[in-house]
Amino acid sequence: MESDEPPQSDDTLRINVTPAGKRSLKNSHPAVLIHINEETPKIWEIKNGEYTIGRNPDCDICITTQGVSRHHATIFANDQKTYISDNNSTNGIVVNDEQLNNVELKLNDIIQLGECNLKYVPKGHFELSYLSKLYKSSQTDDLTSCLRKDPFISLVENEIRLFSQEFKPFSLLFIDLDKFKNVNDVIGHLGGDYVLKTVSNLLKTNAMRSSDSICRYGGDEFIIHLPETDSTMAKKIGFRAKDTIENFKFNFDNNAIDITISVGVTTCNDKKSTLNTLIASVDKKMYEAKKLGRNTVIS
């Protein structure tokens with residue numbers, strides 16, 4: 001039996017580090033790196049193991065700042081210490097204004113890779129709590145905890161670069177709530193907020209896989225990124241999302257609400273694909289779903 005209570009989703013900050021093959025499975029968290037060039041610092045969590053840093057999309061920590069080599073450096077971390085080693089990069093590694101090839105990192109060390117500046121902070125330091133909250137608020141929508149538009153676009157652009165090298169297709173779902181304006185008109189904006197939050201949580205918990213990412217792209221629009229997913233599987237996930245929303249019993253202040261979604265599906269399987277062509281394609285497919293009567297999936 002479906003509940004009318006909003007499903008719970010994991011609001012824990014997901015740090016943007018790609019899994020590394022040589023990484024230890026031991027669940028320790030000795031440190032973080034903080035990208036301090038940007039107005040809102042970006043944070044990478046360092047666990048035990050090895051991490052490559054560079055501008056290549058296959059790096060564990062991908063940084064595209066000018067002067068960063070494709071595979072610039074490697075981080076080696078264990079429970080007690082963290083080291084950084086240069087990978088014969090063009091500009092080398094500068095730590096606290098000293099050019100070094102290999103060095104153990106200490107609290108508040110400033111690491112310069114080209115024009116990128118990273119700050120090293122051991123896990124548990126008081127500064128991290130504040131920075132983690134700041135980073136999360138810059139990356140996620142306050143109401144739905146979905147990614148904001150800018151970080152999501154960066155994610156998709158990185159996937160396009162990776163596709164050009166490895167030819168692994170990925171897909172996008174463009175989701176628009178059907179007749180959402182009627183919800184706000186009938187039960188007010190608080191009711192609309194309830195619907196948006198519930199829809200996003202339902203998609204995260206019942207439709208998406210752990211590898212997928214969701215963005216609140218507009219007021220009642222969401223885009224889901226499906227890595228390493230062809231068009232057939234993407235369409236199946238699209239229908240799963242549609243059925244999940246259609247079958248849930250939405251209720252706000254004793255007002256039963258019928259909610260459905262229209263879903264467009266597109267797949268990146270062409271080296272000529274760009275961010276603009278992919279978004280235009282999936283947006284067009286979503287509007288085709290609307291024209292066919294809503295509450296359906298078009299690929």
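The questions below concern one sheet and two nonpolar cores in a predicted model.

Q: Why are strand 1 and strand 2 called paired?
A: Pairing needs at least two bridges between the strands, and five bridges join strand 1 (residues 31-35) to strand 2, so the two are counted as a pair. They run antiparallel, and one of the bridges can be named by its residues, since L33 has W44 as its bridge partner in strand 2.

Q: What makes strand 2 and strand 8 the edge strands of the open sheet?
A: The six strands of this open sheet follow the order 2-1-11-10-7-8, with antiparallel pairing. Strand 2 (42-46) and strand 8 (98-100) each pair on one side only, and from one strand to the next the twist averages 30°.

Q: Why is the set of 32 residues called a nonpolar core?
A: The name is given to buried residues of listed types, Val, Leu, Ile and Phe among them, that are joined through side-chain atoms within 4.5 Å. The set of 32 residues is the largest such core, and those with the most contacts inside it include L177, V195, F250 and I259; as members they are therefore under 20% relative accessible area.

Q: Which element gives the most to this core?
A: Helix 3 does, with ten residues, while strand 12 (170-177) and helix 4 (231-247) are among the other elements that give two or more.

Q: With which residues is V195 in contact, leaving aside its neighbours within four places in sequence?
A: V195 has heavy atoms within 4.5 Å of L177, F180, V183, F250, I257 and I259. A second, separate core has 23 residues, including L33, I46, I84 and I111.

Terms used
Residues are numbered from 1 along each chain as its sequence is written. This is a predicted model: local features need pLDDT of at least 70, side-chain atom pairs count only at pLDDT 80 or more; totals for chains, interfaces and linings use all residues. Side-chain values use heavy atoms; hydrogens and water are left out. Helices (H or I, at least four residues) and strands (E, at least two) are DSSP runs, numbered from the N terminus. Axes are lines fitted to C-alpha atoms, for helices over the stretch in contact, and angles run from 0 to 180 degrees between N-to-C directions. Buried means under 20% relative accessible area, exposed over 50%, partly exposed in between (1.4 Å probe, protein chains only).
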